[in-house]
Amino acid sequence: TPKTAPPRAPAAAAGPGPGPGPAVGQGPGKGCTVSITLYGTAVVEEGPTAERHRAIHLGANPGYSQFIEGPHVAVVAVHVDSARICDVQDRVRLWTVAGGESEPASPAPGPGPVPLR
């Protein structure tokens, strides 16, 4: 059975870096995104689903097979519910799957990062 984290647990964080398009929050007076925390459910994929995702990832990143293949390398799917987006001026916005980007966010929900078991 897949292993999951409790719902709404921070699933990942990403800093600035190259990507497929402009950073969230770019534009007049918005600044550039410097941190994104994703909230949702992380699932360790197994079987055919894991192998399909692994093959797609390896096809897109052929020079990084050591991070994609091997007996101790898991495929983790993150089902995102919302995200906290922080820009270079330390302004935080909340994005949700249902409603898109909102006004400045309130303090972070939950007790903090929850490790997967």
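The surface that the protein exposes amounts to about 7,900 Å², and carbon and sulfur atoms supply 61% of that area. These values belong to a predicted model, and the description that follows should be read with this in mind. Of the 117 residues in the protein, 20% are buried.

The secondary structure consists of one helix and five strands, and their order along the sequence is β-β-α-β-β-β, so that the helix comes after two strands and is followed by three. When contacts between residues at least 6 apart in sequence are considered, 62% of them join residues that are at least 24 apart.

The pairing of the strands can be followed by starting from strand β2, which covers residues 33-45 and is joined by twelve bridges to strand β3, residues 75-87, with the two strands running antiparallel. Within this pair, G40 is found opposite V80 of β3. Strand β3 also pairs with strand β4, residues 92-96, again in the antiparallel sense, and here the pairing extends over five bridges. Two of the residue pairs along this second pairing can be named: S82 has T96 in β4 as its bridge partner, while I85 is partnered by R93 in β4.

Between β3 and β4 the chain forms a hairpin with four residues between the strands, and in this hairpin D90 takes a positive phi near 65 degrees. A salt bridge is also found in this part of the chain, for D87, the last residue in the range of β3, forms one with R91, and their closest N and O atoms are 2.9 Å apart. The two partners differ in their exposure: D87 counts as buried because its relative accessibility is 10%, under the 20% cut-off, whereas R91, at 37% relative accessibility, counts as partly exposed.

The count of salt bridges comes to two, and the other one takes the reader to helix α1, which spans residues 47-60 and includes R54. The side chain of R54 meets that of E51 in a salt bridge, with a distance of 3.5 Å from N to O. Both residues lie in helix α1 and are three residues apart, which corresponds to about one turn of the helix. Here, too, the partners fall into separate classes of exposure, since E51 counts as partly exposed at 46% relative accessibility, while R54 counts as buried at 13%.

What, apart from its neighbours within four places in sequence, is R54 in contact with? The residues in question are I68, E69, V73 and V75. Among them, V75 is the residue at which the range of strand β3 begins, so this contact links a residue of helix α1 with one of the strand that pairs with both β2 and β4. The relative accessible area of R54, at 13%, lies under the 20% cut-off, and the residue is therefore classed as buried.

Note on methods
Residues are numbered from 1 along each chain as its sequence is written. This is a predicted model: local features need pLDDT of at least 70, side-chain atom pairs count only at pLDDT 80 or more; totals for chains, interfaces and linings use all residues. Side-chain values use heavy atoms; hydrogens and water are left out. Buried means under 20% relative accessible area, exposed over 50%, partly exposed in between (1.4 Å probe, protein chains only). Contact means heavy atoms within 4.5 Å. Accessible areas come from the Shrake-Rupley method with a 1.4 Å probe; for residues, only the protein chains shown count as cover. A salt bridge is a side-chain nitrogen of Lys or Arg within 4 Å of a carboxyl oxygen of Asp or Glu.
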